[in-house]
Amino acid sequence: MNYLTCPVCGETLQKAERSYRCPKGHSFDLAASGYLHLLPSNKMHSKLPGDNKQMVTARRDFLRKGYYQPVSDKLNAVIAAELGQNHKKQPFILDVGCGEGYYTSRLEAFLREKAIHSTVCGMDISKLAVNAAAKACKTVQWAVASSFDLPVADQSCDVLISMFAPICMEEFRRVLRKNGALVFAVTSTRHLWELKEAIYDEPYENKKEDHQYEGFVFEQKHKVQSSIHLPCQEDIANLFAMTPYYYKSSVETSRRVAALEQLDTIIDVDILVYRKI
Ligand SMILES: [Zn+2]
């Protein structure tokens, strides 16, 4: 089954040797590392959209040390349970905003180990992130694409994943099949509380947002709470670069982050499951 569609005309893409083609002749080559670039230049709002090299490196270096592994493990368990319940041959799982593929590749390996045969695809608008993902993992299908204009067929996804990434419900509704699951991770109230205490005079809790989405019913919430110990400044700086606070941080905040030698903090994440109706 071909799930991918041409980002120019919307027709189904067929795999040729080292490229994908649509019936109208639009062709997309696989990059050397193995990903597909499905973001036409007229839909790119900058030369290199998405996370830059520094961001990608910071996140990769942080995640590969396993600090967020409890989140990844919980995601894997939730998806395995979902596929066990709604079993279908070779389900299609799409991770939208996959970054450098930490959660995606761990999920694919986990399902393979459990002999749950599936097609796992990761998409992100950052070419640098997707290239890093494709270099590190050859068993996931990777593509550079926009979450707001997914090159994916209508109602083709069995499971849609969004890990801390921007969500576009209109597109999610379009590509997810009826009764398919939307699984996404959001930070909860106490996430990185001790980091905030260390860098802000008046830290505040994250807002709790329980959303209703048109066309979906909320089904489950899985909490992930865990303490992590960061033993060096490098890991702390990488963690800080992954947070939304990084972009709006003052000189003073940056100075405080740089002064931290080690940090014990809590991770507090909710994994939410919505069902498409
Ligand atoms: Zn086309």
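This dialogue reads selected features of a predicted model, from its sheets to its helices and loops.

Reader: Which strands form the open sheet of 8 strands, and in what order do they lie?

Author: The order is β4-β7-β6-β5-β8-β9-β11-β10, and the pairing is mixed. The edge strands, each pairing on one side only, are β4 (36-37) and β10 (216-230).

Reader: How does one follow the pairing from the β4 edge, and how many bridges join β4 to β7?

Author: There are 2 bridges between β4 and β7, which run parallel; L36 stands opposite A143 in β7. The next pair, β6 and β7, is also in the parallel sense, over 4 bridges, and D124 has V144 in β7 as its bridge partner.

Reader: Which way do the residues of β7 point, and are they buried or exposed?

Author: Q141 and A143 point one way from the strand, whereas W142 and V144 point the other way. These four residues are all buried. The cut-off behind that word is 20 or more other C-beta atoms within 10 Å of the residue's own.

Reader: In what sense do β5 and β8 pair?

Author: Strand β5 (residues 92-96) pairs with strand β8 (residues 157-163) in the parallel sense, over 3 bridges. L94 stands opposite L160 in β8.

Reader: In what sense do the strands run towards the β10 edge, beginning with β9 and β11?

Author: Strand β9 (residues 176-187) and strand β11 (residues 263-276) run antiparallel and are joined by 7 bridges. V183 has V273 as its bridge partner in β11. Pairing between β10 and β11 is likewise in the antiparallel sense, over 14 bridges, with K276 in β11 as the bridge partner of F216.

Reader: What is the order of strands in the open sheet of 3 strands?

Author: That sheet has the order β1-β2-β3, with antiparallel pairing. Its edge strands are β1 (14-15) and β3 (27-29). Strand β2 (residues 19-21) is joined to β3 by 3 bridges, and S19 stands opposite D29 in β3.

Reader: Which residues have the most contacts inside the largest nonpolar core?

Author: The core has 74 residues, and those with the most contacts inside it are L94, A143, L160, I161, L182 and V183. Several of these names have already appeared in the strand pairs. Leaving aside residues up to four places away in sequence, L160 touches L94, V96, F172, V175, L176, G180 and L182.

Reader: How should the packing of two helices be described, as a general matter?

Author: One gives the angle between the axes of the two packed helices and the distance between those axes. Here, helix α1 (residues 53-63) and helix α4 (residues 127-136) pack at an angle of about 40°, with their axes 9 Å apart. The crossing of α1 and α4 is right-handed.

Reader: Which residues of α1 and α4 meet?

Author: K53, V56 and R60 in α1 meet L128, A129 and A132 in α4. By class, the contact of α1 with α4 divides into 4 nonpolar, no polar and 2 charged residues. A general point helps in reading such a list: an α-helix has 3.6 residues a turn, so residues three or four places apart point the same way.

Reader: Which strands does α4 lie across?

Author: Helix α4 lies across β4, β6 (119-124) and β7 (141-144), and runs at about 165° to β7.

Reader: Which residues of helix α7 are buried, and what do the buried residues of α7 pack against?

Author: In α7 (residues 233-242), the buried residues are D235, I236, N238, L239, F240 and A241. The elements they pack against are α1, α6 (193-199), β10, α8 (251-259) and β11. A237 is also found in α7, but counts as partly exposed because it has 18 C-beta neighbours inside 10 Å. The C-alpha atoms of A237 and A259 are separated by 9.9 Å, although the two residues are 22 apart along the chain.

Reader: Where is Q90, and why does Q90 count as exposed?

Author: Q90 is in the loop between α2 (69-85) and β5. Although not a glycine, Q90 has a positive phi of about 45°. It counts as exposed because it has 10 C-beta neighbours inside 10 Å, and the cut-off for exposed is 12 or fewer.

Reader: Is L192 buried or exposed?

Author: L192 is buried, with 23 other C-beta atoms within 10 Å. This residue lies in the loop between β9 and α6 and has a positive phi of about 55°, although it is not a glycine.

How values were computed
Residues are numbered from 1 along each chain as its sequence is written. This is a predicted model: local features need pLDDT of at least 70, side-chain atom pairs count only at pLDDT 80 or more; totals for chains, interfaces and linings use all residues. A nonpolar core is a set of buried Ala, Val, Leu, Ile, Met, Phe, Trp, Tyr and Cys residues joined through C-beta atoms within 7 Å. Two residues are in contact if their C-beta atoms, placed from the backbone, lie within 7 Å. Axes are lines fitted to C-alpha atoms, for helices over the stretch in contact, and angles run from 0 to 180 degrees between N-to-C directions. A crossing is left-handed if the near helix is turned anticlockwise from the far one by less than a right angle, and right-handed if clockwise. Ala, Val, Leu, Ile, Met, Phe, Trp, Tyr, Cys and Pro count as nonpolar, Asp, Glu, Lys and Arg as charged, and the others, Gly among them, as polar. Two strands pair if DSSP finds at least two bridges between them.
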